[in-house]
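Work through the exercises below with the sequence and the model side by side. Try each task yourself before you read its solution.

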Amino acid sequence: MTASNTTAVPDHKPRPWVDLLVSIIIPSVILMKFSGDQHLGSVNALILGLAFPLGWGLFELIRYNKKNFIALLGLVSVGLTGGIGLLELDAGWLAIKEAAIPAIIGLAVLASTRTKYPLVRTLLYNPNVLDVDKIQKTLEEKDQVEEFEGRLLNASYFFAGTFLFSSIMNYVLARWIVVSPSGTQAFNEELGRMTLVSYPMIAIPSMVMMMLIFYYLWRTIRRLTGYTLEEVMAPHLAEKEKAR
C-alpha cells in the first residue's frame, strides 16, 4: 500500500476579529505608543508593527493556499509601507501607494470583465457561496442567461467602484494624517493613527457596499429564477444550515 504524499489544504474560516487585532489594532498601538527612543525607537517600532500584518498575511497564504491576486497585493502594500519608512522617502509616496493598491485592484476588476473569468464571479458568484450549476441551468431553461450576464456586468462595475472609493479615500486620509518626515517617531505615530482611522472611514463603508452588491446580485437571481436564498445556497452551506 502506497501512502499518499498529498496534504489536504484545511478549509479557511474567516476570523474577522483576529484579522482586526493582528492587522490593525496591534500594529497601530506599537506605532503610536512605542516609537519613542525610550521604547523601541522609530525604526524598530516600524519593523515590529508591520511584521504583524505581513506575518499574518504570509501565514494565510501558506497555510490555506490563498495565493490570489488581492492577497498578494496586500502583502506588497505592507512591504512598500515599510520600505517608505525605512528608506525615509517623502511621506507623499505613502499617499500614492495607499491610493495605488486599491486602484490596481479596481482596474483588474474592470479588465477581467473582458475575459471569460470576471473577478466578480470569483468573489461573489462562485460555487463556495451559491449553487451556480443549479442557477445556470434554470437561467438557460427560462432563457434569462443574457439578462443575467448583463446584471453580472453591472455588478462588476459596482465592484470596481468600491475600489475607486477606497483609492480616493486612502489618498485623502494619508495626505491629511501623515505629514511628518518618514523615519521619525511622528511619522510612525501618524501611520498608526491612519491605520486605525481607515477602518471606520474606509473598510466598513467598503464592506457595506460589497454587501449591497451581493444583495443586488441575489435579487437578480431571485427575480430571474424564482428561487429563495435557501434553495440556491452552496450544498455545503445548505447542509450546515439544516444541521443547526
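The exercises go from the whole chain to helix pairs, then to cores and single residues.

This is a predicted model, in which local features need pLDDT of at least 70 and side-chain atom pairs count only at pLDDT 80 or more, while totals for chains, interfaces and linings use all residues. Residues are numbered from 1 along each chain as its sequence is written, and side-chain values use heavy atoms, with hydrogens and water left out.

**Exercise 1. The whole chain**

Task: Describe the secondary structure of the chain, and state what share of its residues is buried.

Solution: Begin with the elements, where helices (H or I, at least four residues) and strands (E, at least two) are DSSP runs numbered from the N terminus. The chain has 10 helices and 0 strands, and its pattern along the sequence reads α-α-α-α-α-α-α-α-α-α. Next take burial, for which buried means under 20% relative accessible area, exposed over 50%, and partly exposed in between (1.4 Å probe, protein chains only). Of the 244 residues in the chain, 38% are buried. Finally look at contacts, meaning heavy atoms within 4.5 Å: among those between residues at least 6 apart in sequence, 73% join residues at least 24 apart.

**Exercise 2. Record and model**

Task: Find where UniProt places the feature "transmembrane region", and examine residues 93-111 and 198-218 in the model.

Solution: The unreviewed UniProt entry places this feature at residues 42-62, 69-87, 93-111, 157-178 and 198-218; such annotations may be inferred rather than shown by experiment, and the positions are given in the numbering used here, with feature names shortened. In the model, residues 93-111 are 100% helix and 0% strand, with end C-alpha atoms 26 Å apart. Residues 198-218 are likewise 100% helix and 0% strand, and their end C-alpha atoms lie 29 Å apart.

**Exercise 3. Two helix pairs**

Task: Determine how α7 is oriented towards α4 and towards α8.

Solution: Two packed helices are described by the angle between their axes and the distance between the axes. Here axes are lines fitted to C-alpha atoms, for helices over the stretch in contact, and angles run from 0 to 180 degrees between N-to-C directions. Helix α4 (residues 92-112) packs with helix α7 (residues 145-177) at an angle of about 180°, their axes being 8 Å apart. Angles under 35 degrees count as roughly parallel, over 145 as roughly antiparallel, 65 to 115 as roughly perpendicular and the rest as oblique, and α4 and α7 are therefore roughly antiparallel. The contact includes Gly92, Ala95 and Ile96 of α4, and Ser156, Tyr157 and Phe159 of α7. Its residues divide into 14 nonpolar, 6 polar and 2 charged, where Ala, Val, Leu, Ile, Met, Phe, Trp, Tyr, Cys and Pro count as nonpolar, Asp, Glu, Lys and Arg as charged, and the others, Gly among them, as polar.

For the second pair, α7 and α8 pack at about 170° with axes 10 Å apart, which means that α7 is roughly antiparallel to α8. The residues of this contact comprise 22 nonpolar, 7 polar and 5 charged.

**Exercise 4. The nonpolar cores**

Task: Identify which residues touch the most other members of the largest nonpolar core, and which elements give two or more residues to this core.

Solution: A nonpolar core is a set of buried Ala, Val, Leu, Ile, Met, Phe, Trp, Tyr and Cys residues joined through side-chain atoms within 4.5 Å. The largest core has 23 residues, of which Tyr125, Ile135, Phe148 and Ile221 touch the most other members. The elements giving two or more residues to this core are α4, α6 (132-141), α7 and α8 (185-225), and α7 supplies the largest share, 6 residues. Apart from this core lies another, of 15 residues, with Ile84, Ala91, Leu94 and Ile202 among them.

**Exercise 5. Single residues**

Task: Decide whether Asp143 and Pro118 are buried or exposed, and say where each lies.

Solution: Asp143 lies in the loop between α6 and α7, and at 70% relative accessibility Asp143 counts as exposed. Most residues other than glycine have a negative phi. Asp143, although not a glycine, has a positive phi of about 55°. Pro118 is in the loop between α4 and α5 (119-123), and at 12% relative accessibility Pro118 counts as buried. Leaving aside neighbours within four places in sequence, Pro118 is in contact with Ser112, Thr113 and Ser156.
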